[in-house]
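User: Could you walk me through a few features of this model?

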Amino acid sequence: MRSVQSLNGVWDFAFFQECGMAAIELSALSFTSVLTVPGCYDVLFPYAAQRGTGVYRRRVYCSGLVKLNIAALGLAAEVYWDQQLIKSCPYAYMPESMVFDSGSTAWHELIILVNNQYNQVFFPFYDFYGYGGIYGDVDLESLPEFYLDDIRISTLDYRQGLIRLQVRASATPAPGCHLQLRFDASELQTLPFDSQVNIYELKVPQFQLWSPATPCLHHLQVSCGADELALDFGIRQIAVAGNQLLLNGVPLRLMGYNRHESHPQFGAAMPPSLIEADLLMIREQGCNFIRGSHYPQNRHFLELCDRLGILVWEETLGWDVKFPTLGEAAFLEQQLDQARRLVRNSYNHPSIIIWGFLNETESQLPELRPIIKKLCDAFHAEDDTRLVTYASNKYEKDCCCDLVDIIAMNPYPGWGDANWEKVQDIDQVKPRLDRLLAALPSDKPVLISEIGAGAIYGFRDPFKARWSEEYQALLLKEICNQVLGDERFCGLCIWQFCNAKSYINGYVMGRSRGFNNKGILDEYRRPKLAWDIITSCIQQARAAGKPDECPGTETSV
Ligand code: ADA
């Protein structure tokens, strides 16, 4: 196996307020402080709420060809090895890997500049806080000269355990090169490896299907020349039949939450055990689905979803971007680049069933169609085994629904679309959903990808006024009953799992306390009244046979 060195831990640190990365003089730096990686600096004193460049430094003992992996960072970064620029990282939350010659056996200097000023990828109008820091693990792998660069496994036929294995090497192999592989504890297989990219169709011995009820993973060990890799994968197929979703041929209804990677004390660098705590709550409630709003997901999150049997929508960063930016060639290029990288990074996670892009875009405008088409095509070209969509708030006016695999709508009856003159608007839910369904194509699955209401934790009110826990609970009960009870919807994804930090002075936008308060839990994961109500609705829907396939209710094939 490759040797991997974790670079997590305590790094030297310096912070330059209101200073861009270009202005940092590497040779003149002095480090007065330290910071732990992973971590966000702008949730910590003395850097809390500041914007500028954080400079991380540590020494690394190594030599030769290496691959540096940074699980995620934000908002943008530059990576320097012995004062030489190795890579610029423009996308917040995107896993980064870089292969380079680290030099002779010695202590080397690794510097990562991490800037948290808004940029052309992370705009100030995003309704979630732009945290600065290294959000995920950092490690360094030693590579042989000829190495395996990318492995992708797709299910070709779930009934037979037939998979497609695509292996890309760093270069064209020497003549007579072979790939050795082993599934789980089965016999070692030897296959010819004669070009840089090799594709095999293989049957997995004694295969088991992956699904929310039985999240069985297989283990694959692959070696070629001096390189060896191992990974887990699942055999499962997600498909669409008319307005239904099918998982391994069985009708599937989604029930779950939008979730931000966000915590008041950790920002976007949540410890894996806290991520796990979120997922266990979600699964315990009877949910089977999470939309990873609104960016690439932490690798611990994805691994946990694979293991726990939680289905995932993963998406690229691009929130409510409007014209003229939306029409710029550079913006589209960036979106396409993110799409390709998202798929490459997450390809082997069976939990992911949907790729998403451009949250709440201008999909009511015909001039957006070519852009949406290009993005759908880019996702499909990288991955023809998953569904592609964007979450829309253009509802009846959306003119791009024919371009996606699954229609996803974010209506807010009783809240955003509400008549605020009325004390309550619960009775608006059903007519709003009916109008939506009447206008949308009926030959595709329709997912409610966001819906919900704000409530301030602890604000209890006998009048059930807006912002009270009571109003949120009442509205969510009606939403759950209407959506789960209507088979024309393939799923319900509530906005949102827990409160998440947003605009600091967001009072006018309804972001009081600086948080988006539509969480069913507060930002410390304390349940509001709606949590138990939603649990009961899921139990009732399951008792009535809906959703057909929540964890535990699935029929095996
Ligand atoms: C939108 C958006 C979410 C959030 C939500 C809200 O639908 O996609 O990120 O901002 O509105 O709370 O209003």
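Here are some questions and answers on a sheet, a helix and a pocket.

Analyst: Ground rules: this is a predicted model, where local features need pLDDT of at least 70, side-chain atom pairs count only at pLDDT 80 or more, and totals for chains, interfaces and linings use all residues. Numbering runs from 1 along each chain as its sequence is written, and side-chain values use heavy atoms, leaving out hydrogens and water.

User: Which strands stand at the edges of the open sheet S4-S12-S7?

Analyst: Strands here are DSSP runs of E, at least two residues, and helices are runs of H or I, at least four, numbered from the N terminus. Two strands pair if DSSP finds at least two bridges between them, and in this sheet the pairing is antiparallel. One side of each edge strand lacks a neighbour because each has a single partner, and these strands are S4 (39–40) and S7 (73–74).

User: In S12, which residue is the bridge partner of leucine 73?

Analyst: S7 and S12 (residues 133–134) run antiparallel, joined by two bridges. Leucine 73 has as its partner isoleucine 134.

User: How wide an arc do the buried residues of H5 cover?

Analyst: Buried means under 20% relative accessible area (exposed is over 50%, partly exposed in between; 1.4 Å probe, protein chains only). In H5 (residues 429–439) that applies to Val429, Arg432, Leu433, Leu436 and Leu437. Taking directions from the helix axis to the C-beta atoms, they lie on the same side of H5, because their arc is only 130°.

User: How many residues lining the largest pocket are charged?

Analyst: Asp, Glu, Lys and Arg count as charged; Ala, Val, Leu, Ile, Met, Phe, Trp, Tyr, Cys and Pro as nonpolar; the others, Gly among them, as polar. The lining has 16 nonpolar and nine polar residues, and the charged ones number 18.
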